[in-house]
Each structure stands twice: as structure tokens, then as C-alpha cells.
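Here is a set of short exercises to work through with the structure open beside you. Try each task before reading the solution below it.

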Amino acid sequence: MLGLAFLLALAVWFCTKTSPVQSVGASTIAEQLYQRHLLSLAGRDELLRRIRHGDLRIQEYDELHQTVTEQQSNSPAAILAFCVEAFKAEFNYRTQELDVEVAAATGDSSYVDTQKSSAIFDKYRQALARFKGDTVAFQQWYYRQLPARFKIENAIKAEDSLLQGGWTIYPPIGGLPASHHWINNQRSVFGKTRTRTARDLREIGLIDVAVYQHLQELLRNGQLITEEQVCTKAASEMQYRANYDQNKVKQLQWLDSLRQAGLLSATQHQRLLRDYRPYELKKPFEVLAYCQRGQVLDLRHLSHEPQRLYPHIFAQLPAILPGFRYTDLRVTVTEKDMGSDLRQQNVTLSFQANGRHYENTFWQDFIRKDGTDPAPSLGAQVGENFYRSINRWLADQNSPLRLYRAYKPDAQSVHGDEYLGLIAMTEQQRKLLGNNQDLVSIESHDNRFSSPNIEKLVTWYQHLGLFSHLSPEQITQGRRKALSGAKISFAEVLMSFPHVVHAFDWESADSPHVYVRHTKELAVISRGGFAPEHVQDGFTFDQSLPTTIPFSFDLNNHTYRTQLKADSDWLDPAFVELIQRATQEQHAVGKFYECLGGEGYIFLTSEQHLTLSKAQPELFREAVEASDE
């Protein structure tokens, strides 16, 4: 099969090959970039230095596995990548600190008042006084005294109209960005010469005819608005073409592995191979439509109303999961006031299958109080976790399959809003699709959390005494919640019940008396083992707070107090340490044990802890993601 893959790739290469970029030496190209006034003398010399020392690099991204490989190259793509870097550095060279100059000249005193900007403000205040308020004379002087680098762009004639690009300059993290004068003074960095830039790249020989024609199309459509973007697109497409043959062979091998694993039938595999177009590599989402248990829905043609949307989606599922026969599908929409103009819309899906009731509640969308969508999507909005009850059903059947969601990125979202991809796979089949969760979701194949097993778990927890402080109604509601959706850990099952596990984020010191709140919540889960009184702290979330915060409580007529560290919005673990010391000194029936990977606590007797540690050690190790439910 490897030989067949190679022959197919070779055939495609000979049939689709276009005129190659002229084999011109990299050093000659560097000189031509300088002669055509794209690179400055310094830019040319830097490019030549990298060519001589083997410092030009190209990177290739593996979308499936999210890996980047880098290699030395003097190819057109590598030289174009240097041009991209040069335009970025030139933009910084021509604009760095110009915002301070403009703010000072216009009297914008709200600008960050660093020592350097203060000196600039003083300079302009003195100049304005010297011109006695004559703003015309002041503006003329202002332009004349600006550093030369700030005037470069203004002196360049606009060959192309400037398009609104929505530039935002953010303060740099970790120091100022690279600033080099590597672009010629006759070349714009704001888009005034973007068409000429594309033409020069073609005439120099850095891009071929097909890439040039595509750049022209993107320029006409307003999709490339700066010279940097022209070079970025050119580099990407030239590298794609240069690596196409070897990547096509790799993809054919990958597709054959999907066939051998049962994701592609022999017929669909052959049809997929016939459907290749010149210079095409299939995206993982495109392959989904050929898979035996795959389905792609065009959300642009489906109703945006959940009551009509989800019945349509469910109607497609038996084609993916032949054994899935459901009845009594119900879609319930509820809304939660967010305290502003927005309301959170949640959806509950419930159905009957194989004699069991399945139910799942998930976040659907945010809508305004008048019913309109603040950020309407092109396609119908599908809740991220709408299929969790279906995976619960698969676990109940002891099936090796799980339903996965596949994504097709678009202009609106990294996950895409226009298409919904669904595919049923085994755990081993899923591994063939890499580890990129932005392409295909990650699902648990742990059948320990089937409905019958969760019912046994709940009964066991109850006999262990973990729910002794809960009312019958709370236990009933917790049991129902534990059986909804698709639980994938012991922690999720326990957290379905109120006041059993206290989970919190250590970076949550964002409200007054936050230590009082957490202490009282720990008391609630202790089943009477920790009953503090007069809990107090001095936390007010005020930036002017001292370096320490007083924290105290009474327990069995003993006062416990300490000074906690104030560290932005981070909680100080010392408050839990004080509680642990108090429960130990007062001979409490149990103690608080860390769980959820250190992001929560559960109160247990020593016997309960020993039993759980042996039976469910992951309860104390693994973190749990937030659920919609």
C-alpha cells in the first residue's frame, strides 16, 4: 500500500506541476530585494548574513498533532518568511513610541505617565507656551522636530488605498518587540504599496504564477491589507507547494491507516482518492464526510430555534449509531438573568432509550432580554455538550464507541459556526486523528460510569456515610443529576450532590470577605465535624490593602487567628492550614482532605479516607473541568 501511495502522489505531482520558481541563488535574490527597494541596505545585509551562516529557517505545523518542526532552508518560502519578519520589525521601527508623541502633542494626559513620557509631555507643553497658543505654528514645528523614522511612512505616496484594518497596539509583554530598519524607505508597512510588493515578489522569482494570481485575487477582495500580510500569504503558499509531494504521500498513508482501522470503507477510501484536486491536501474535517460512521450537517440551513434544531440532529443519529433507538425526545429551554442586558439560555434534552430515561442540561447561548442575539452566527448554535447523554447511553450498552464532535474553523470561530461534524469511534480509532481538540473532541471510554454503575456508586457512597447530612430530597436530586449527562470521574458523581465536596479556584480572591465565605462552605460539607463561630477576615479586595489580612474564627470556645498574605487575587492556603490545626486540636471526627488535584476539599473520617484512597485514588489526584450542568 505504501508503494501505491507513492505512485499516486507521483502521478498527481506530474499532472499538476506548474512552472517552478527560477533556480536563482538566495544571495542574488537578497540583492534583488534591495535593488527593488523592498529591503533596506541593513535588511539585505541581515538576510545575506543568515544565508551565509545557515540561519534561515522554515517551520511546518502538523495540525493533527499540534507539533511544529523547524529546519534550515534557503528556499523561497524561507526568504519570504524573513521578509515577514522584516516588515514586523519595520512597523515597530516606524511607530514605536509614536503613540506617546501623539498623546503629548494632543494633550492626552490620560496616557501612561512613565518617566520617558513625562519628559515628552513637558517638551510639548513648553513648545505650546512658546508659540503662545498658535496651533498652526505649533503643528508645523511638531512635524519638523519628530525623529526621521516617524516621517518615513508619511513621505511614501499611496499607490493603494489604505484599508481599515483595526490595528491595536498593546503594551509589550517581556520587553519591547524587535525594532529594525530592514525595509526600504520607499516601501510602506501600512499597505500603500501592497500591490507592488506582490508584483515584485513575482518578478524577482520568489513566487510562481499560480501563487501570484491568488495574491492578486485576495488583494482585489480586500483580504490582504498590508505588505506583511502579502509576504505571509506568499510564504505560506510557497512552502505548501514546496512540501506538497512529501505531504501528499504522508496523507495517503494516514488515509490508509483510517481504512485499516475501519473508519473508512474500501469504497469510500477509493472515492476519497478520486476526489483529490490539484495541489490539494484534505483537511481532517473533509475526511469526516467519507467515514462510515461520520455525518456533516450544514448549520446554515437549520433552524436556530432549539425546539426544532435538536430533533433534526437526533434524527440523523441512527445512521451513525445503528442501535440507537430513542423515544419521547423533549427539548426544554430555560433562561437565567445575568444581571445585565443579557440572559443565559440553557437547554435540557431528555429522551427514553432501552427502558432508561436520559437527560442532559447544557449552555446554549447568550441572548438579550428583547430576544435578539448579541453575536448572531451564520449557522444554528449547537450546545457544546448536547451529546453527553448519548455517550451515557453508549456506556450503558458497554459499547466501545463514543460519539465525537468534529470542528471546521471559520472566520467567526476557531471551532466554526457553519458546520456540525459528528462521528462515532472507538478509543483506538480516535488516536489516529491526533490530539488537537480544536479539530475533534476528547471523550472518555470508561464504562465504569455507566448508569447501572453510577447507581451502585451512589448507594455505596450513601452506605459510607458521605450523604448523612443531606435530606431525602437532596439525595434524590443528586442521584438524578449524577445520572444526567455523561459523568467521567468519581469526583463528578460526588459533586452531583450538594455540600459533599467544596471545589474552588485558588485565584478567586475577588470579593469582600472571601475567606469567611470559604470557611463557612467548608463547615457545611463537614457533616458537623467543623462548626466555627464568629468567622472574620479583613479582606476587601482593595488594591491599597496591606501585605497581610487578619483571619479568625472560634471553635469550641477557642479562638484561632492568623495573618494571611495579600497576593493580588490569589488565596493564601494558610487559611486552610489554620482550619486543619483547629479540627485536630479540637479532636474532630474527621479532617479535610485535598481532592480534585488540589482544587477542592472533602471532609472524611480516617476510615472513610482509607476506604476511598484504596477504591478510588484518582478522586484525590485528578482535577475536574467545570460542567454546564
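**Exercise 1. Find which residue just after H3 takes a positive phi, then describe the helix that leads up to this residue.**

Solution. Keep in mind that you are looking at a predicted model.

Step 1: Go to the end of H3 and step just past it; there Gly-54 has a positive phi of about 70 degrees.

Step 2: Now walk back along the helix. H3 covers residues 41–53, which is 13 residues. From first C-alpha to last it reaches 18 Å, close to the expected 18 Å at 1.5 Å a residue.

Step 3: Pick out the buried positions. In H3 these are Gly-43, Arg-44, Glu-46, Leu-47, Leu-48, Arg-50 and Ile-51.

Step 4: See what they pack against. The partners of these buried residues are helix H2 (26–35) and helix H4 (76–95).

**Exercise 2. Work out which members of the largest nonpolar core touch the most other members, and which helices supply this core.**

Solution.

Step 1: The core has 41 residues, and Leu-33, Leu-47, Leu-201 and Ile-207 touch the most other members.

Step 2: At least two residues of this core come from each of H2, H3, H4, helix H9 (194–204), helix H10 (209–220) and helix H11 (227–242). H4 gives the most, with 11 residues.

Step 3: Zoom in on Leu-33. Setting aside neighbours within four places in sequence, Leu-33 is in contact with Leu-38, Leu-39, Leu-47, Ile-79, Cys-83, Ile-204 and Leu-206.

Step 4: Look for another core. A second, separate one has 30 residues, including Leu-299, Phe-314, Leu-321 and Phe-351.

**Exercise 3. Decide whether Ser-73 is buried or exposed, and list what surrounds this residue.**

Solution.

Step 1: Locate Ser-73 in the loop between strand E2 (67–72) and H4.

Step 2: Check the relative accessible area, which is 11%. Buried means under 20%, so Ser-73 is buried.

Step 3: Look for polar partners. The side chains of Ser-73 and Ser-75 are joined by a polar contact of 2.8 Å.

Step 4: Not counting residues up to four places away in sequence, Ser-73 touches Leu-56, Arg-57, Ile-58 and Ala-78.

**Exercise 4. Do the same for Ser-377: is this residue buried or exposed, and what is in contact with it?**

Solution.

Step 1: Ser-377 is found in the loop between strand E6 (356–368) and helix H16 (388–396).

Step 2: With a relative accessible area of 14%, Ser-377 is buried.

Step 3: The side chain of Ser-377 reaches the backbone oxygen of Gly-379 at 2.5 Å.

Step 4: Beyond the neighbours within four places in sequence, Ser-377 is in contact with His-304, Gln-412 and Asp-417. Take Asp-417 as an example: 40 residues separate it from Ser-377 in sequence, yet their C-alpha atoms are 6.2 Å apart.

**Exercise 5. Explain why strand E7 is largely enclosed by the rest of the structure.**

Solution.

Step 1: Count the buried positions. Five of the five residues of E7 (residues 402–406) are buried, so the strand is largely enclosed by the rest of the structure.

Step 2: Sort the side chains by face. In a regular strand, side chains alternate between the two faces of the sheet. In E7, Arg-402, Tyr-404 and Ala-406 lie on one side, Leu-403 and Arg-405 on the other, and both faces are covered.

Step 3: Find the neighbouring strand. E7 pairs with strand E8 (residues 419–425) in the antiparallel sense over five bridges. Across this pairing, Arg-405 stands opposite Leu-422 in E8.

**Exercise 6. Place Arg-527 and Asn-556, two residues with a positive phi although they are not glycines.**

Solution.

Step 1: Arg-527 has a positive phi of about 55 degrees, and its place is in the loop between H21 and strand E10 (533–537).

Step 2: Look at the helix before this loop. H21 (residues 514–525) has 12 residues and reaches 17 Å, close to the expected 16 Å. Among its buried residues are Tyr-515, His-518 and Leu-522.

Step 3: Asn-556 also has a positive phi of about 55 degrees. Asn-556 is in the loop between strand E11 (548–555) and strand E12 (558–565).

Step 4: Asn-556 has a relative accessible area of 48% and is partly exposed.

Notes: Residues are numbered from 1 along each chain as its sequence is written. This is a predicted model: local features need pLDDT of at least 70, side-chain atom pairs count only at pLDDT 80 or more; totals for chains, interfaces and linings use all residues. Side-chain values use heavy atoms; hydrogens and water are left out. Helices (H or I, at least four residues) and strands (E, at least two) are DSSP runs, numbered from the N terminus. The expected span of a helix is 1.5 Å times one less than its number of residues. Buried means under 20% relative accessible area, exposed over 50%, partly exposed in between (1.4 Å probe, protein chains only). Contact means heavy atoms within 4.5 Å. Two strands pair if DSSP finds at least two bridges between them. A polar contact is a pair of N or O atoms within 3.5 Å; within protein, one must be able to donate a hydrogen and the other to accept it, and residues adjacent in sequence count only if both atoms are side-chain atoms. A nonpolar core is a set of buried Ala, Val, Leu, Ile, Met, Phe, Trp, Tyr and Cys residues joined through side-chain atoms within 4.5 Å.
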